[in-house]
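Open the model in your viewer and keep the selection box handy. We will go from stop to stop, and at each one you will find what to select and what is there.

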Amino acid sequence: MSAVAAVPSRWRAAGRVLTWLAAVSALAAAVSAISDVTQADDTALVVQTWRMYGLFLCTGLFVLLALRPRVHGAVWALLIADKAALALTAAVYLTRGGAAEAASTIGWDGGLAVILTAAYLMTRVSP
């Protein structure tokens, strides 16, 4: 194997590692959300349940991308857009005086949008 061919495969491997880290992080968040659901009162129960299911869904989608990163282009686009939209919306909320967890949402979801974008580009390196 030539040195030129080895570089792209390292980039792809690094992109897959980033995607696996996203999957593990989403799974940890989903599992921790179980306690939010069990402790939620009637006014927040549906929202907390929806959030928990969304985190489990993201976990599964990240696993799909980590396993076959070059097959699911539309899934990459949807997840990156979702995370960027969450961060942007939280930034708007923050500028309007704040909302609970707006700053942490900017950090977590904004950071995840950047990481997913990097992973997507890394897994697209040819050949």
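## Salt bridges to start

Searching the whole structure turns up 3 salt bridges. Please keep in mind on this tour that the model is predicted.

Select Asp36 and Arg51 to begin. Their side chains form a salt bridge, with the closest N and O atoms 3.1 Å apart. This pair links distant parts of the chain, since Asp36 sits in helix α1, Arg51 sits in helix α2, and 15 residues separate them. Asp36 is partly exposed, with a relative accessible area of 30%, and Arg51 is partly exposed too, at 32%.

Now move to Lys83, and add Asp82 and Asp109 to the selection. These three residues are linked in a network of salt bridges. On one side, Asp109 and Lys83 meet at 3.3 Å, N to O. Asp109 belongs to helix α4 and Lys83 to helix α3, so this pair ties together parts 26 residues apart in sequence. On the other side, Asp82 and Lys83 form a salt bridge at 3.7 Å, N to O.

Which of these residues are buried? Both Asp109 and Lys83 are. The relative accessible area of Lys83 is 7%, under the 20% that marks a buried residue. Asp82, with a relative accessible area of 34%, is partly exposed.

## Step back to the whole chain

Clear the selection and show the chain as a cartoon. You should find 4 helices and 0 strands, and from the N terminus on the elements run α-α-α-α. Along its principal axes, the C-alpha trace spans about 60 × 30 × 20 Å.

Try colouring by accessibility next. Of the 127 residues in the chain, 27% are buried. The accessible surface comes to about 7,800 Å², and carbon and sulfur atoms account for 71% of that surface. If you turn on contacts, look at those between residues at least 6 apart in sequence: 67% of them join residues at least 24 apart.

## Along helix α4

Select residues 102-123, which make up helix α4. Does the length of this helix look as you would expect, or not? At 1.5 Å a residue, the 22 residues of α4 should span 32 Å, and the end C-alpha atoms are 31 Å apart, which agrees.

Next, pick out the buried residues of α4: Ala102, Asp109, Gly110, Leu112, Ala113, Leu116, Ala119, Met122 and Thr123. You have already met Asp109 in its salt bridge with Lys83.

Stop at Gly107, which also lies in α4. Gly107 counts as partly exposed because its relative accessibility is 45%. Draw a distance from its C-alpha atom to that of Ala87: the two are separated by 7.5 Å, although the residues are 20 apart along the chain.

Then go to Thr123. It counts as buried, with a relative accessibility of 1%. What is it in contact with, leaving aside its neighbours within four places in sequence? Show Arg12, Gly15, Arg16, Pro69, Arg70 and Trp76 to see these contacts.

## An aromatic pair

Keep Trp76 on screen and add Tyr120. The structure has 1 aromatic pair. The ring centres of Trp76 and Tyr120 are 5.6 Å apart and their planes meet at 65°, so the pair is edge-to-face; the angle for that description is over 60 degrees. The pair links distant parts of the chain, with Trp76 in helix α3 (residues 73-95), Tyr120 in helix α4, and their positions 44 residues apart.

Are the two partners buried or partly exposed? Trp76 is buried, with a relative accessible area of 1%, whereas Tyr120 counts as partly exposed at 27%.

## Last stop: a nonpolar patch

Switch to a surface view and select Leu27, Val31, Ile34, Tyr53 and Phe56. Together these residues make a nonpolar surface patch of about 460 Å². The elements that give two or more residues to the patch are α1 (3-39) and α2 (45-67). The largest share, 3 residues, comes from α1.

Finish by zooming in on Val31, which has its place in helix α1. Its relative accessibility is 46%, so Val31 counts as partly exposed.

Methods:
Residues numbered from 1 in each chain as written. Predicted model: local features only at pLDDT ≥ 70, side-chain atom pairs only at ≥ 80, totals over all residues. Heavy atoms only, no water. Buried < 20%, exposed > 50% of the residue type's maximum accessible area, 1.4 Å probe, protein only. Contact = heavy atoms within 4.5 Å. Expected span 1.5 Å × (residues − 1). Patch = residues over 30% accessible without salt bridge, like charges linked within 9 Å, V, L, I, M, F, W, Y side chains within 5 Å. Areas by Shrake-Rupley, 256 points an atom, 1.4 Å probe, with all protein chains shown as cover. Salt bridge = Lys/Arg side-chain N within 4 Å of Asp/Glu carboxyl O. Phe/Tyr/Trp six-rings, centres within 6.5 Å; stacked < 30°, edge-to-face > 60°.
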